[in-house]
Amino acid sequence: KSVRESIRLGSRKTKVVVDPGNGTASIIVKKIYERFPFDVIFINDVSDPDFPNHHPDPNVKANMVELCEAVMENQADLGLAYDGDADRCGFVDNEGKVIDADILMALMCKSILKTSKNKTVLIDVKCSNTLRDEILACKGSIYLDTPSSAKQERDMEENNIVFGGGYSNHIFFRDKHPGYDDGIYVGLRVQELLSHTNSNLTDMLKNLTSYYHTDEIKVKTTDELKFKIVDAIKEYAINNNYDIDTTDGVKVLKESSWGLLRASNTGPNLTLRFEATTKKELKQKTADLLRPKPAKEGKNIFLEKIPSFWSKLSFLFKICFRNIFRYKRRLFMTLIGIAGCTMLVYTGIALNDTINNIAERQFGDVRAYKMEINLTSGVTQNEVYDIQKYIEQQDKITRSNTCKTANDNNRSK
């Protein structure tokens, strides 16, 4: 009853496809929608802990494919998807395209700030500048927070903020709602907004400032190393006078573009996200840093880690060429030398790929530094590998101190 009374609908009757993802929302969502004059199509609406259709996480676009198709097939105005415990909601527009939560917030903040005395909006560090621009255009202010939904809810209550949320699809209302993250309620608020306009979601989104950004990128590491990596990047950025925000991790700012590196709260991962003003800039920099560097550049991970291999290969080349010139009058020996060199080259390339794959698995954390620094700050390769050396030195110092402590303990015994 309280939910029904807080939703004030306009004259437009919207058509929506709802996907509870076989999660908890399946048990209650139909009872709630029975109280509203919406045209509703439900999919995956039987609670099943095995999640037979897809994992109920609307922040992962692969989980939204079925909903996107259903919206198109039914010519719906909107698609809504909930996570397993229904505290998050994902969105699909009338053309079957996924709308990120921060972009959806940008669409809604104007109507909320218009009637609110407190013009502050809480957003997290992963949110797009599209949301920032819309808040400022509405003469609002920004409370920048971490992606922790529990902290966001607490901070909103302490600072009397009526609207907030983040890229991970946790969205909070405190104007007509108690203020906790409720995915079903968030979806109803979107339908409330649509009921007061004849415009469709796609056209409404075109009025927002456009930026180009990546989805959330996760790099596997360990729980111990992920914080060391973030601290090392933070120290490097401070020492080189980069414009950064350290609310959560390191967010390097460059004009209207940015890059974020943070330690995940939920697993042994580094979380990265990037945004730029042009598609070309984002695509070029992301592609350069997410694909392995070719060996001919001479600055590869395994070159730093396994220099002895290349030293031995170089030595073999020298011997081979010396023999060629020593027996230059013998054509047969020359041909053998050339053939041997050719085989060594191909062997080197094959070993390059093999060792690089091994090194990438073993030293994947180092690649994360390279990705963050290069993409967001335009730092040269030499500077990146200075960071690698710094990190390696810190590891050596740590191991040395550990050995020294152990030796001191043995002496004392």
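User: Quick one on C68: buried or exposed?
Analyst: C68 is buried, at 13% relative accessibility. Buried means under 20% relative accessible area, exposed over 50%, partly exposed in between, with a 1.4 Å probe and protein chains only. This is a predicted model: local features need pLDDT of at least 70, side-chain atom pairs count only at pLDDT 80 or more, and totals for chains, interfaces and linings use all residues. Residues are numbered from 1 along each chain as its sequence is written, and side-chain values use heavy atoms, without hydrogens and water.

User: How many disulfides?
Analyst: Zero. The rule asks for a pair of cysteine sulfur atoms within 2.5 Å. C109 is in no disulfide; its nearest cysteine sulfur, that of C138, is 4.5 Å away.

User: And what is the relative accessible area of C109?
Analyst: It is 0%, so C109 is buried.

User: New topic. Which residues of α2 are buried?
Analyst: In α2 (residues 25-33), they are A25, S26, V29, I32 and Y33. Helices (H or I, at least four residues) and strands (E, at least two) are DSSP runs, numbered from the N terminus.

User: Why do they sit on the same side of α2?
Analyst: Because they cover an arc of only 130° around the axis. That arc is taken from the directions from the helix axis to the C-beta atoms. I27 and K31, on the other side of α2, are exposed.

User: What do the buried ones pack against?
Analyst: Against β1 (15-19), β2 (39-42), β3 (78-82) and α7 (183-195). Contact here means heavy atoms within 4.5 Å.

User: Which residues touch the most other members of the largest nonpolar core?
Analyst: Y33, Y82, F91 and F163, in a core of 47 residues. Helix α4 gives the largest share, 10 residues. A nonpolar core is a set of buried Ala, Val, Leu, Ile, Met, Phe, Trp, Tyr and Cys residues joined through side-chain atoms within 4.5 Å. There is also a second, separate core of 14 residues, including V219 and L261.

User: Now the sheet. What is the strand order in the open one with four strands?
Analyst: β7-β6-β8-β9, with mixed pairing. The edge strands are β7 (141-145) and β9 (171-173). Strands pair if DSSP finds at least two bridges between them.

User: How many bridges join β6 and β7?
Analyst: Five, in the parallel sense. One bridge partner set is T120 with S141 in β7.

User: Where does α4 lie?
Analyst: Helix α4 (residues 101-115) lies across β6, β8 and β9, at about 175° to β8. Axes are lines fitted to C-alpha atoms, for helices over the stretch in contact, and angles run from 0 to 180 degrees between N-to-C directions.
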